[in-house]
Amino acid sequence: MKKLLKYLNKYKKECVLAPLFKMLEASFELFLPLVVARLIDMGIKQNNLKYVYTCIGIMIVLGLVGVLSSVTAQYFAAKAATGFSADLRKDLFSHLMSLSYKEIDNLTTSTMITRMTSDVNQTQSGVNMFLRLFLRSPFVVLGAMIMAFSIDAKAAMIFVYVIIILFIVVYIIMKTNIPMIKEVQNKLDNILLLTRENLSGVRVIRAFCKEEDEILEFKKRNDVLVLNQIKSTRVSGSLNPLTYAIVNIGIVCLIYTGAIRVDDSIITQGEVIALYNYMSQILVELIKLANLIITLNKALASAGRISDVFLLKNSQIRTDENAKENINRDANRSDGYDTDTAVEFDNVSLRYHSSSDYSIENISLKVKKGQVVGIIGGTGSGKTSLVSLIPRFYDATDGRVLVFGKDVKEYEINELRDKIGVVPQKAVLFKGTIRENLGYGCKNVSDDELNEAARLAVADDIIKVKGGLDSYIEQNGKNLSGGQRQRLTIARALAKKPEILILDDSASALDFVTEKTLNANIRSLSYNPTTFIVTQRASSVINADIIIVLEDGEIAGIGTSDELLESSQVYREIYYTQFEEAAK
């Protein structure tokens, strides 16, 4: 939680005023039992109506001022808490967006969503309650004890014993409850992960009639969450009854002691009532303190989870020292870069963080500027892994990847990715207009350029049918077919006019005629980008300048289609499987 306190810096005034107004309210509240004692001893007992009315008037004034102080305190506390959570959520989102694929894979989407929503809300509640009660409750408890001592020291010792016992109970419960709350939040992550998977894969689930299985799995995980919540709630819920029991035992002892002291004429009946009121105030405040502690336990657990995210650093960001070293290296060999070679893989291997095996291994090849490169192979052969190294979505475990003769690690991330246009396997479109989606990766792009990109991607008919660039696209392009989504994502990449274009199985939903037109349009581009076509279709790469055949993460052949038909068994199997007539 300490690491997150910086988000309260903008609200220092509110953080001071909120507890001060709460203490002002508490001060008026502490005077009320004394007024009640005077009302009984000097008003009612002596039948002095004027004094009674005076005391009632004072009590009303104290109550009104206390309410105004309380409302003011809650306003400042709410302002600070909501501002704190807004700034925290903004920075947390920015931090998540700055992480590389490696860190995001380790975190998982469900965990990020939980920490952005539930955990931030828990910390907001903790800040709000803390500002309202962290000074008020201890102040009232200690103030009531001091006021009790001013009335009768012997009776007030009961207050000391009660408070000591209560603090011991609170500490034990707090120590036990915090780990339980963390476990509850982790189980909530699991529930969110399963829910997200089911919602995104609902068509697959229904196609295979697996609804009952998924319901049972959800019930199983939900039952685990409920059991953890029950255990946590039992511990935290025991705080209130224990507090009531201890304070009520204290009240019984206080009344018994007070009766004896009154009988001995040491204190008055009004002072006994005042002592009882002070004990009742302690009871109320300790209940509030118990609720505060429960809320703080949840807030601290959530704050720890949020802090863990902030501790994650993008493993691909260059340090200042590395940047200076690279700048010096660039200056010393400014003429040494092979700018005719667009991409070079120098004995590259990649192993994902969660895997013990290499996804690709010992890949070495050079791609000249302007070439069209086909990458083909079976499922899991490492095609996507290979092209993911070019824009540095992942860093190579071993070896180097060079873009225009320069190691990708020597580029600033934005500088590198400005040169590259990527069309991922899954066509992702954002909620908004076609214009907003096509111009997503560009600055100051004109409508003519967007329309030209759409034409090249064979997507101009979509714009016409939908009613122009301002036509609306739903989230993930749900109002479009799979082929329409793919063509629009290709158009988005082409609108950027990249030096390197990566099409990662981006034509799988297109018919052969549309795909042929698309490939011809890409070859006709005036800026002549280096193009990587990742596919399982031999027809998609048959006219490529170079075809790279991958099998189990290793190169099983390099060459043109004709050359590979002669030299590569893997390519022949793919080719003849898809072109049965050629095999006859």
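**Cavity lining.** I started in this predicted model with the residues around the largest cavity, and I listed Leu389, Arg392, Tyr394, Asp395, Ala396, Gly399, Arg400, Val401, Asp407, Val408 and Lys409. Sorting that lining by character gave me five nonpolar residues, one polar and five charged. I then asked which strand gives the most to the lining. That turned out to be β4, residues 398-403, which supplies three residues.

**Cavity volume.** I looked up how much space this lining encloses, and the largest cavity holds about 40 Å³. I also counted cavities of 30 Å³ or more and found one in the structure.

**Helix α8.** Next I turned to α8, which runs over residues 211-237 and has 27 residues. From its first C-alpha to its last I get 37 Å, close to the 39 Å expected at 1.5 Å a residue. Which residues of α8 are buried? I noted Leu225, Asn228, Ser232, Val235 and Ser236. I kept in mind that residues three or four places apart in an α-helix point the same way, because there are 3.6 residues a turn. Looking for the partners of the buried α8 residues, I found that they pack against α6 (153-200), α9 (239-263) and α10 (269-311).

**Confidence.** Last, I checked how far to trust the coordinates. The chain averages a pLDDT of 85, and 95% of the residues score at least 70. Residues 330-335 are where I would tread lightly, friend: pLDDT stays under 50 there, and the model has four contacts for this stretch beyond four places in sequence. My reminder to myself is that predicted coordinates should not be read in detail where pLDDT is low.

Methods
Residues numbered from 1 in each chain as written. Predicted model: local features only at pLDDT ≥ 70, side-chain atom pairs only at ≥ 80, totals over all residues. Heavy atoms only, no water. pLDDT = per-residue confidence, 0-100. Contact = heavy atoms within 4.5 Å. 1 Å grid on protein atoms, 1.4 Å probe; cavity = no way out; pocket = protein on both sides within 12 Å on 5 of 7 lines; lining within 4 Å. Points joined across faces, edges and corners; volume = space filled by probe spheres on them. Helix = DSSP H or I, 4+ residues; strand = E, 2+ residues; numbered from the N terminus. Nonpolar A, V, L, I, M, F, W, Y, C, P; charged D, E, K, R; others polar. Expected span 1.5 Å × (residues − 1). Buried < 20%, exposed > 50% of the residue type's maximum accessible area, 1.4 Å probe, protein only.
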